[in-house]
Amino acid sequence: MSIFRVHRLATAALLSLILSSSAWAKDVYIAVAGPMTGSTAALGAQIRDGAAAAVDSINASGLLPDTKLILRIADDACDPKQAVAVANRLTTDGIKLVVGHFCSASSIPASDIYAEAAVIQISPGSTNPRLTERGLTTLFRICGRDDQQGRVAADYIVRHRQGAKLAVLDDKSTAGKGIADIVEARLRAAGEHTVRQSYVAGEKDYTALVSRLKREGIQIVYIGGYYNEIGLIVRQAAEASARLTVIANDPLMTSDFLAIAGDAANGTLFTFMPDPTKNAAGAAAVARLKGSSLSAAGYTLYAYAAVQAWADSVKRAGTFDAIRVAAALRAGSIETAIGTVRFDSKGDNAAPGFIVYRWRDNTVEAVEQN
């Protein structure tokens with residue numbers, strides 16, 4: 001065989017190796033699960049957009065060599081039964097990470113399935129304390145908890161009550177009733193008397209509820225629920241000239257609340273985690289989102305940070321094995337788009353507190369910081 005023939009064969013072999021290695025990037029599937037349809041779809045869109053932006057960033061960065069992250073979108077419509085079906089499907093499909101679910105009523109039953117299959121789950125929005133109180137090794141929460149959030153809301157009401165009559169409402173959901181119970185208990189511990197009532201989510205007419213609040217002279221009302229119904233209650237209260245100051249929980253961090261409540265939204269208070277767009281650590285992510293059709297508002301960067309934290313832990317663990325990745329997630333601080341994240345033994349993020357916000361002039365402003 002001539003030297004030229006050997007050279008051609010060596011060149012062909014080298015070219016084949018280069019082509020095969022460049023195309024060899026291992027496809028690793030992760031998922032975002034939440035309400036992509038239904039009355040809370042605006043919040044599902046936030047976590048979808050955040051996770052998608054993080055996947056694009058990590059793939060471009062080379063953080064996980066020879067790996068291509070592929071994102072799947074799973075819709076649970078904030079329904080527990082659908083969430084369980086989603087969880088069963090994702091675990092069967094070999095998903096390595098689930099960013100979700102959003103609604104606590106979905107996250108709690110789904111988490112048992114992910115835990116049994118050893119799949120990492122990081123919720124960006126499920127705030128009910130019970131989620132992380134069950135000792136599940138592969139379960140994490142990057143947002144705050146309702147026992148934190150409820151304390152901030154109740155203490156704010158106590159400081160600003162000034163003799164006003166109080167009411168606490170909830171929509172009977174796991175999240176809504178859970179946070180309302182916490183607020184009511186803390187108000188009662190502070191010596192405050194409250195009128196307590198539940199309402200049915202999904203209705204369009206809350207005038208009977210508003211009439212009762214007006215008749216009883218209620219001036220400050222705390223509502224645990226979701227933006228759709230709270231927006232209707234706020235608007236219908238304004239139409240009935242019921243002079244109510246409404247304070248609610250974190251799902252009001254969406255412009256869809258403003259679209260429903262209209263001008264009556266202005267003056268409505270709610271609690272949410274510290275705004276990550278104000279954090280220097282999130283500057284690159286914010287710039288990337290502003291350069292696209294996405295938004296950095298609300299839960300978007302919390303979902304973004306969930307993917308970052310997992311990818312960083314995979315890198316440190318040197319494996320996609322869920323148990324070892326879970327250990328890495330709990331092992332120390334992780335720098336993310338929302339700042340430094342530190343997961344405790346339960347899987348809760350030790351960093352975030354809550355802030356009181358207000359809708360004013362059709363935008364959101366921080367009122368008091370915790």
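Visitor: How many helices and strands are there in the chain?

Guide: The chain holds twelve helices and 14 strands, where helices (H or I, at least four residues) and strands (E, at least two) are DSSP runs, numbered from the N terminus. This is a predicted model, in which local features need pLDDT of at least 70 and side-chain atom pairs count only at pLDDT 80 or more, while totals for chains, interfaces and linings use all residues. Residues are numbered from 1 along each chain as its sequence is written, and side-chain values use heavy atoms, with hydrogens and water left out.

Visitor: What share of the residues in the chain is buried?

Guide: Of the 370 residues, 51% are buried. Buried means under 20% relative accessible area and exposed over 50%, with partly exposed in between (1.4 Å probe, protein chains only).

Visitor: What makes S106 and C103 buried?

Guide: The relative accessible area of S106 is 0%, so this residue is buried. C103 also has a value of 0% and is therefore buried. C143, at 1%, is buried as well. S106 lies in helix α4 (residues 104–116). Leaving aside residues up to four places away in sequence, S106 touches D76, C78, D79, P80, A83 and H101, a contact being heavy atoms within 4.5 Å.

Visitor: Why are C78 and C103 called a disulfide?

Guide: A disulfide is a pair of cysteine sulfur atoms within 2.5 Å. The S to S distance between C78 and C103 is 1.7 Å, and the pair is joined as a disulfide. By this rule the count is one disulfide.

Visitor: Why is the disulfide of C78 and C103 described as left-handed or right-handed?

Guide: The torsion about its S-S bond is about -115°, so the disulfide is left-handed. C78 sits in the loop between β2 (67–75) and α3 (80–92), and C103 in the loop between β3 (97–100) and α4, so the pair ties together parts that are 25 residues apart in sequence.

Visitor: How do you know which strands are the edge strands of the open sheet?

Guide: Two strands pair if DSSP finds at least two bridges between them. Five strands form the open sheet in the order β2-β1-β3-β4-β5, with parallel pairing. β2 and β5 (139–141) each pair on one side only and are the edge strands. Within the sheet, β3 is joined by three bridges to the parallel strand β4 (residues 120–123), and V98 stands opposite Q121 in β4.

Visitor: Which helix lies across β1, β2 and β3?

Guide: That helix is α3, which runs at about 155° to β2. Helix α11 (residues 300–317) also packs on the sheet, touching β1, β2, β3 and β4, and its direction makes about 160° with that of β3. Axes are lines fitted to C-alpha atoms, for helices over the stretch in contact, and angles run from 0 to 180 degrees between N-to-C directions.

Visitor: How do you know that the span of helix α2 agrees with its number of residues?

Guide: The expected span is 1.5 Å times one less than the number of residues. For the 21 residues of α2 (residues 41–61) this gives 30 Å, and the end C-alpha atoms are 30 Å apart, so the two agree. Just after α2, G62 has a positive phi of about 75°.

Visitor: What are the buried residues of helix α7, and why are they said to line one face?

Guide: In α7 (residues 207–215) the buried residues are L209, V210 and L213. Seen down the axis, they fall within an arc of 100°, so they line one face of the helix; the arc is that of the directions from the helix axis to the C-beta atoms. These buried residues pack against β6 (166–170), β7 (194–198) and α8 (227–239), whereas the face turned away carries the exposed residues A208 and R215.
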